[in-house]
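Dear colleague,

I am handing over the structure below, followed by an account of what was found in it. Please read the notes with the coordinates open beside you.

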Amino acid sequence: MPELPEVEVTRRSFADRIAGARIVDATLGKPLRWPLGCSLESLVGRRVTCVDRRGKYLLLRLDQGLLLVHLGMSGSLSFALNLPPSGPHDHFDLQTDRGHLRLHDPRRFGAVVWAPDDDAPVLRKLLGHLGVEPLSEVFSLADFSAGLKSSRAPIKQVLLSGKLVVGVGNIYASEALFLAGIRPTTQARRIGPLRAKRLHAAIRSVLAEAVAAGGSTLRDFQSADGSAGHFQLSAHVYGRAGAPCHTCAAPIKMVRQGQRSSFYCPVCQRP
DNA sequence: ATTCTCACCTGCGGGC
DNA sequence: TGCCCGCAGGTGAGAA
């Protein structure tokens, strides 16, 4: 479920409400991807100062240290004054004096990791190699273009790697490449200035529109306040193998790239 | 140094 | 109805 837009929509849905909250209790369910890295007791009494985002990670900043939250493939957050009793897939709960934050994650690819500060080794390991934020001014066409030139990998893989630009996952990579008219299998270095410019713009617009629409989902995405996204209604290629292209009516194709599915229009998207 | 493959885990839908 | 298989939004680790 969660690519950058879903994570950002989730952040916005509870950041203001949890800011200033004092933690009164913390509990864990089954193990997540990585260990928490601190005792649950040490979280009690801490105050949440704000919620930032880096790529697909949320950073719950505390008055001492911070909690890194990743939603993995199937994670979602809820934040409300009162939440129902924990279910079998609720694996992290943070009770505060302003509400109850909960991570629900059936597949447990997500994580909650504590770090003492922004220079902590665990943060450097998880965030250190990440590329630029696509919705910030730092995401320049010149750097993006130069980055493409230096990679022999297929453009879809380059986008997913997060080393050039963060936050583009399997759905939005396919959608952005469709908008830019580039086939996902195209070698990144073979993308010239014109197409690089189109792709740069497509990444920004597809992510920004998805954020504005409240996030996307094939199934059940909802933000921390329970509202649902509806970007899936406007997907041009993702999940549409065999269906007619919205532009030219040719059947959308699906290919496997590194264990992931890519979708493209064989007519509108050139190699 | 890049690039590729695997692994982690659960649920769901399709085919038999 | 029920079982088995393949697939699903991510990403670090380790192997080529």
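I would start at the DNA, where an N or O atom in the side chain of His89 of chain A is placed 2.7 Å from a phosphate oxygen of DNA strand B. Please bear in mind throughout that this is a predicted model, and that the distances quoted here are computed from it. A second approach to the backbone comes from Ser151, which has a polar side-chain atom 3.3 Å from a phosphate oxygen of DNA strand B. Arg107, by contrast, addresses a base, since an N or O atom in its side chain lies 3.0 Å from a base oxygen of that strand.

These three residues belong to a longer list around DNA strand B, which also includes Lys30, Pro106, Arg108, Phe109, Arg152, Ala153, Lys163 and Gln259. By character, the residues of this surface divide into 5 charged, 3 polar and 3 nonpolar. Seen from the side of the nucleic acid, 57% of the atoms of DNA strand B within 4 Å of the protein belong to sugar or phosphate, and the rest belong to bases.

The other part of the model that I looked at is the arrangement of the protein itself. The domain assignment divides chain A into domain 1, covering residues 4–127, and domain 2, covering residues 141–264, and the C-alpha centres of the two lie 28 Å apart.

How many residues of each domain are in contact with the other? The count is 18 residues of domain 1 against 17 residues of domain 2. Between them the two domains bury about 1,300 Å², with 67% of that area on carbon and sulfur atoms. On the side of domain 1, the residues that lose the most area to domain 2 are Pro5, Glu6 and Val9, which together account for 39% of what that side buries.

As for polar interactions across this interface, the count of salt bridges between the domains is 0, whereas 4 residue pairs are found in polar contact, with both residues at pLDDT 80 or more. On the domain 1 side, α1 (4–18) and β5 (76–80) each supply at least two of the residues that touch domain 2, and α1 gives the most, with 10 residues. The residues of that side divide into 7 nonpolar, 5 polar and 6 charged.

With best wishes

Notes. Residues numbered from 1 in each chain as written. Chains lettered and ligands numbered in written order. Predicted model: local features only at pLDDT ≥ 70, side-chain atom pairs only at ≥ 80, totals over all residues. Heavy atoms only, no water. Domains from an automatic or database assignment. Contact = heavy atoms within 4.5 Å. Buried area = accessible area lost by both parts, 1.4 Å probe. Salt bridge = Lys/Arg side-chain N within 4 Å of Asp/Glu carboxyl O. Polar contact = N/O pair within 3.5 Å; in protein donor to acceptor, adjacent residues only side chain to side chain. Helix = DSSP H or I, 4+ residues; strand = E, 2+ residues; numbered from the N terminus. Nonpolar A, V, L, I, M, F, W, Y, C, P; charged D, E, K, R; others polar. Near = heavy atom within 4 Å.
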